[in-house]
Amino acid sequence: MAQTAKEKFKTYKDVFDMHTERNLFKLSGQGHFDRLEGPVSIGKEANIFTAIKGDRCVIVKIYRLETCDFNRMYDYIKMDPRYSGLKKKRRKIIFSWCQREFRNLMKARQAKIKVPMPITFRDNLLVMEFIGESEVAPKVKDKIPKNPSKFYKDVLEDMKKLHKAGLVHGDLSEFNILNYKEKPCFIDMSQASPLESANAEDLLDRDIKNIARFFSKIGVKADKDEMKKYILKSRKS
């Protein structure tokens with residue numbers, strides 16, 4: 001008897017509705033991955049899995065269609081001029097949110113910022129590069145850099161590059177930066193917003209506050225005003 005989608009993709013409760021199962025089969029059939037492995041994280045908004053593609057791994061991020069907070073998503077995405085005509089309908093918002101993360105990752109890569117390479121997306125599914133060796137690289141909160149001052153400077157430089165490219169991360173903290181080989185890698189780019197967004201400056205201020213708080217805690221002198229001044233210079237250079 002042929003395997004069902006649930007059997008093939010190791011269904012986890014509330015993760016794989018029929019729409020998601022069909023899209024998993026389509027992306028697998030297109031050669032983006034062979035099979036899903038275990039979950040990296042199971043969250044309220046999205047679930048992240050490793051997947052096998054030949055002799056390497058990729059990441060498959062699955063936004064939950066029924067249980068994610070699409071109202072919160074809409075509060076952010078409605079300020080993004082790229083999605084100005086978006087209707088407040090659950091699936092349209094979730095699909096646009098996923099597409100938005102793909103677009104933001106592409107823009108960050110073009111700006112020479114270390115983020116996972118986006119491979120493809122379909123509705124609520126995003127396939128991207130696996131960052132790590134045999135396991136996913138740890139978040140910086142779980143692996144403090146050997147040289148915190150240098151790591152901080154690298155983070156600040158990437159914040160500046162992102163700003164110069166016309167984006168602000170919007171949710172940057174020790175929870176959304178991987179420590180991969182003692183270099184930062186920004187993740188969770190779905191909330192990143194263009195500088196033209198009405199809330200862009202508030203998002204930048206929040207990012208700066210979070211980064212200053214974390215690095216100050218591990219012994220780095222991180223002044224919020226100086227950080228902002230340095231980042232904003234990117235628009236003048």
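I began with the pairing of strand 2 (residues 46-53) and strand 3, and I found eight bridges joining the two, which run antiparallel. The model I am reading is a predicted one. At the start of strand 2's range I looked up Ala46, which stands opposite Tyr63 in strand 3. The two strands form a hairpin with two residues between them, and in the turn I noted Gly54, whose phi is positive at about 65°.

I then followed strand 3 to its other partner, strand 5, with which it pairs in the antiparallel sense over five bridges. Here I picked out Lys61, whose bridge partner in strand 5 is Leu126. I also checked how enclosed strand 3 is: six of its eight residues are buried, so the strand is largely enclosed by the rest of the structure.

Next I traced strand 5 (residues 125-129) to strand 4, and I counted four bridges between them, again with the strands running antiparallel. One of the residues I looked up there is Pro118, which has Met128 of strand 5 as its bridge partner.

With these pairings in hand I wrote down the whole sheet, which is open, has five strands in the order 1-2-3-5-4, and is paired in the antiparallel sense. Strand 1 (35-42) and strand 4 (118-122) stand at its edges with a single partner strand each, so one side of each has no neighbour in the sheet. Neighbouring strands of the sheet are turned by 25° against each other on average, direction ignored.

I turned to the helices that lie across this sheet. Helix 2 (residues 18-29) lies across strand 1, strand 3 (56-63), strand 4 and strand 5, and it runs at about 40° to strand 5. Helix 4 (residues 90-110) lies across strand 3, strand 4 and strand 5, and its direction is at about 165° to strand 4.

For helix 4 I compared its expected span with the model: at 1.5 Å a residue its 21 residues should span 30 Å, and its end C-alpha atoms are 30 Å apart, which agrees. I listed its buried residues, among them Ile93, Ile94, Trp97, Phe102 and Leu105, and I noted that Arg100 and Glu101 are on the buried list as well. After the helix comes Lys112, with a positive phi near 65°.

Moving along the chain, I looked at Val168, which is found in strand 6 (residues 167-168). Val168 has a relative accessible area of 3%, and I therefore record it as buried, the cut-off being under 20%. Leaving aside neighbours within four places in sequence, I found Val168 in contact with Leu162, Ala192, Ser193, Leu195, Ala200, Leu203, Leu204 and Asp207. I also took the C-alpha separation of Val168 and Val140, which are 28 residues apart along the chain, and it came to 20 Å.

My last entries concern aromatic rings. A search of the whole structure gave five aromatic pairs. One of them is formed by Phe214 and Phe215, which are edge-to-face at 5.1 Å centre to centre with 80° between the planes. Phe214 is buried, with a relative accessible area of 4%, and Phe215 is buried too, at 1%. Both belong to one aromatic cluster, which I wrote down as Phe151, Tyr152, Phe214 and Phe215. I closed with Lys160, whose charged end sits over the ring of Tyr230, 4.2 Å from the ring's centre.

Key: Residues numbered from 1 in each chain as written. Predicted model: local features only at pLDDT ≥ 70, side-chain atom pairs only at ≥ 80, totals over all residues. Heavy atoms only, no water. Pairing = 2+ DSSP bridges. Axes fitted to C-alpha atoms, helices over the stretch in contact; angles between N-to-C directions. Contact = heavy atoms within 4.5 Å. Buried < 20%, exposed > 50% of the residue type's maximum accessible area, 1.4 Å probe, protein only. Phe/Tyr/Trp six-rings, centres within 6.5 Å; stacked < 30°, edge-to-face > 60°. Lys NZ or Arg CZ within 6 Å of the ring centre and 35° of its normal. Expected span 1.5 Å × (residues − 1).
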